Amino acid sequence: MLEKISSTFSGIVRKFSGKSTITEKNIEDAVEEIKMALLEADVNLRVVRRFVNSTIEEAKGEKVLKAVDPGQQFTKIIYDKMVSMLGDTKQDLHLKGPDTQSVILMLGLQGAGKTTASHKLAARLLKEGRKPLLAACDLVRPAAVEQLTQLGEKIGVPVYKENSKDAVKNAKEALDFAKKNGYDTIIIDTAGRLQIDEEMMDELVRVKKATDPCEVLLVADAMTGQNAVDIAKTFDEQLGLTGVILTKFDSDARGGAALSLKTITGKPILFIGTGEKTEDFEIFHPERIASRILGMGDVVSLVEKAQETVDAEEALKLQKKLQRNEFTLQDMLEQFQQVKKMGSMQSIIDMLPGMSGVDASQMDLSSLKKNEAIIQSMTYKERLNHLIIGPSRRKRIAKGSGTSVADVNKLLKQFEKTKLMMKKVSRNKGMQGRMMNQMGINPNMMGGLGGAGGLPAGMDINSLKGMDLKKLQEMAKKFR
């Protein structure tokens with residue numbers, strides 16, 4: 001996610017970090033690097049100029065040049081400008097109360113991921129306590145209605161569909177159906193085209209007029225860069241957008257669309273698609289994305305993910321086991337599985353401070369799958385007590401997991417090291433790095449990359465379960 005631009009910006013931040021003096025020449029060189037990085041990221045030229053000019057103007061003032069910690073001051077200026085460029089603060093959907101119907105109109109070109117985004121949004125609203133209905137009004141793309149139906153069934157949200165070829169009629173009837181059956185939110189999936197045309201816009205205008213939506217959301221492909229901005233401008237002129245959903249954000253290495261949209265269109269990015277799964281759909285937090293770009297990580301989002309996936313009771317049990325030195329191979333297996341629930345390895349790495357620009361695809365994660373297979377080939381008794389795993393058992397486990405006895409031996413040695421490390425951590429709450437120390441995050445999150453088979457082996461995400469997010473957010477601000 002945003003690997004290219006993040007690599008450049010985090011490099012600039014590292015260069016200035018801890019510097020006791022900064023000259024105007026230092027600032028000019030850094031800003032030139034920033035300008036080139038933004039242009040290479042396909043950021044709109046107008047946005048680049050505004051960012052560069054305002055950064056130079058503020059950075060060359062006495063506030064930075066004569067500051068006690070000029071490096072930190074300069075970094076904060078870049079961070080603040082980046083947050084402003086991305087939209088300042090997160091924006092929420094403006095929906096009516098549960099006793100009144102709220103209509104969300106989903107727009108976009110064909111291939112942007114509109115139907116998938118519709119079902120992901122429905123799943124999020126369902127989780128938040130609303131009662132959504134999906135309305136299939138994409139009557140142009142073959143199998144679009146069927147796709148939405150299958151996605152709706154997957155998350156337990158009904159889909160209203162008719163055999164009619166009139167999208168306006170379908171939308172009106174969906175609203176009537178929702179009213180009769182107590183659905184408070186109707187998400188209308190409209191037809192896209194390969195390009196913007198008059199016929200397409202006319203149909204959307206008529207659907208909007210017939211349904212009076214409180215949200216008109218453009219679904220755009222983040223990887224199209226400035227094209228997404230141009231598309232947003234056109235849709236906004238014709239239909240009056242209220243917000244944008246950027247799909248394929250996890251595959252976007254540059255960030256041109258995200259960094260240009262708010263400044264050029266004035267419309268906020270509300271959500272980002274970060275993967276293929278239903279849950280890979282995140283609220284867009286400008287300050288957190290800026291933090292990731294600058295290499296500061298996004299610990300708040302990581303904690304939120306952990307709190308969503310980790311069972312509080314199980315987390316407490318594991319904590320007690322660690323304190324009693326009773327961590328087992330079964331616990332390690334469960335750690336693997338819990339981390340998987342949090343999303344892709346890349347998404348976790350992107351949120352770790354100091355890991356900016358690390359590409360998960362370039363990491364050797366084969367041992368991770370291998371170790372999982374080895375543990376799954378053990379009996380439950382062996383997982384609870386690894387000391388009983390002698391030569392004959394190791395041979396059987398290796399055969400069952402499709403690995404070698406050497407692989408089994410390696411895992412058991414790594415497990416012993418991990419167990420020892422986690423025992424020390426449970427007794428000593430000292431954390432790696434100033435931010436990690438202040439925020440109370442287990443150092444295994446950082447050290448786990450060299451642990452038993454990759455990050456999850458040493459990653460105690462259970463330690464994140466009970467953290468106070470408000471306190472964490474306040475702490476995070478101190479480091480920016």
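Is C137 buried or exposed? C137 counts as buried, at 2% relative accessibility. The notes below take this and other local features in turn; the model is a predicted one.

1. Cysteines. No disulfides turn up: a search of the whole structure finds 0. For the reader new to the term, a disulfide is a covalent bond between the sulfur atoms of two cysteines. Of the two cysteines noted here, C137 is buried at 2% relative accessibility, whereas C214 is partly exposed, with a relative accessible area of 22%. The limit for buried is under 20%, so C214 at 22% falls into the partly exposed class.

2. Aromatic pairs in general. The structure holds 5 aromatic pairs. A pair of aromatic rings is described by the distance of the centres and the angle of the planes. Two of these pairs are described in the points that follow.

3. The pair F177 and Y183. These two rings are stacked, at 6.1 Å centre to centre and with 15° between the planes. Planes under 30 degrees apart count as stacked, so the angle of 15° places the pair in that class. F177 is partly exposed at 30% relative accessibility, while Y183 is buried at 15%.

4. Surroundings of Y183. Ring pairs link Y183 with Y160 and F177 into a cluster. Y183 also has a charge over its ring: the charged end of K131 sits there, 4.7 Å from the ring centre. Y183 therefore takes part in a ring cluster and lies under a lysine charge, and Y183 counts as buried, at 15% relative accessibility.

5. The pair F249 and F284. Here the ring centres are 6.4 Å apart and the planes stand at 90°, so the pair is edge-to-face. F249 lies in the loop between β6 (243-247) and α11 (256-265), and F284 in the loop between β8 (281-283) and α12 (286-293). The pair therefore ties together parts that are 35 residues apart in sequence. Both rings belong to buried residues: F249 has a relative accessible area of 0% and F284 one of 1%.

6. Helix α11. How many of the 10 residues of α11 are buried? The count is 8, so the helix is largely enclosed by the rest of the structure. The buried residues are G256, A257, A258, L259, S260, L261, I264 and T265. After α11 comes G266, which has a positive phi, near 80°.

7. G256 and a long-range contact. G256 is placed in helix α11 and is buried, at 2% relative accessibility. Along the sequence G256 and N44 are 212 residues apart, yet their C-alpha atoms are 7.2 Å apart in space.

8. A144 and T190. A144 lies in helix α7, which covers residues 144-155. With a relative accessible area of 1%, A144 is buried. The C-alpha atom of A144 is 9.7 Å from that of T190, and the two residues are 46 apart along the chain.

9. A nonpolar patch on the surface. Which residues form this patch? They are M36, L39 and L45, with about 240 Å² of accessible area together. M36 lies in helix α2 (residues 24-40). M36 is partly exposed, with a relative accessible area of 39%. Patch residues need over 30% relative accessible area, so M36 at 39% passes that limit.

Terms used:
Residues are numbered from 1 along each chain as its sequence is written. This is a predicted model: local features need pLDDT of at least 70, side-chain atom pairs count only at pLDDT 80 or more; totals for chains, interfaces and linings use all residues. Side-chain values use heavy atoms; hydrogens and water are left out. Patches are made of residues with over 30% relative accessible area and no salt bridge: like charges are joined within 9 Å, nonpolar side chains (Val, Leu, Ile, Met, Phe, Trp, Tyr) within 5 Å. Accessible areas come from the Shrake-Rupley method with a 1.4 Å probe; for residues, only the protein chains shown count as cover. A salt bridge is a side-chain nitrogen of Lys or Arg within 4 Å of a carboxyl oxygen of Asp or Glu. Helices (H or I, at least four residues) and strands (E, at least two) are DSSP runs, numbered from the N terminus. Buried means under 20% relative accessible area, exposed over 50%, partly exposed in between (1.4 Å probe, protein chains only). A disulfide is a pair of cysteine sulfur atoms within 2.5 Å. Rings of Phe, Tyr and Trp (its six-membered ring) pair if their centres lie within 6.5 Å; planes under 30 degrees apart count as stacked, over 60 as edge-to-face and the rest as tilted. A charge sits over a ring if NZ of Lys or CZ of Arg is within 6 Å of the ring centre and within 35 degrees of the ring normal.
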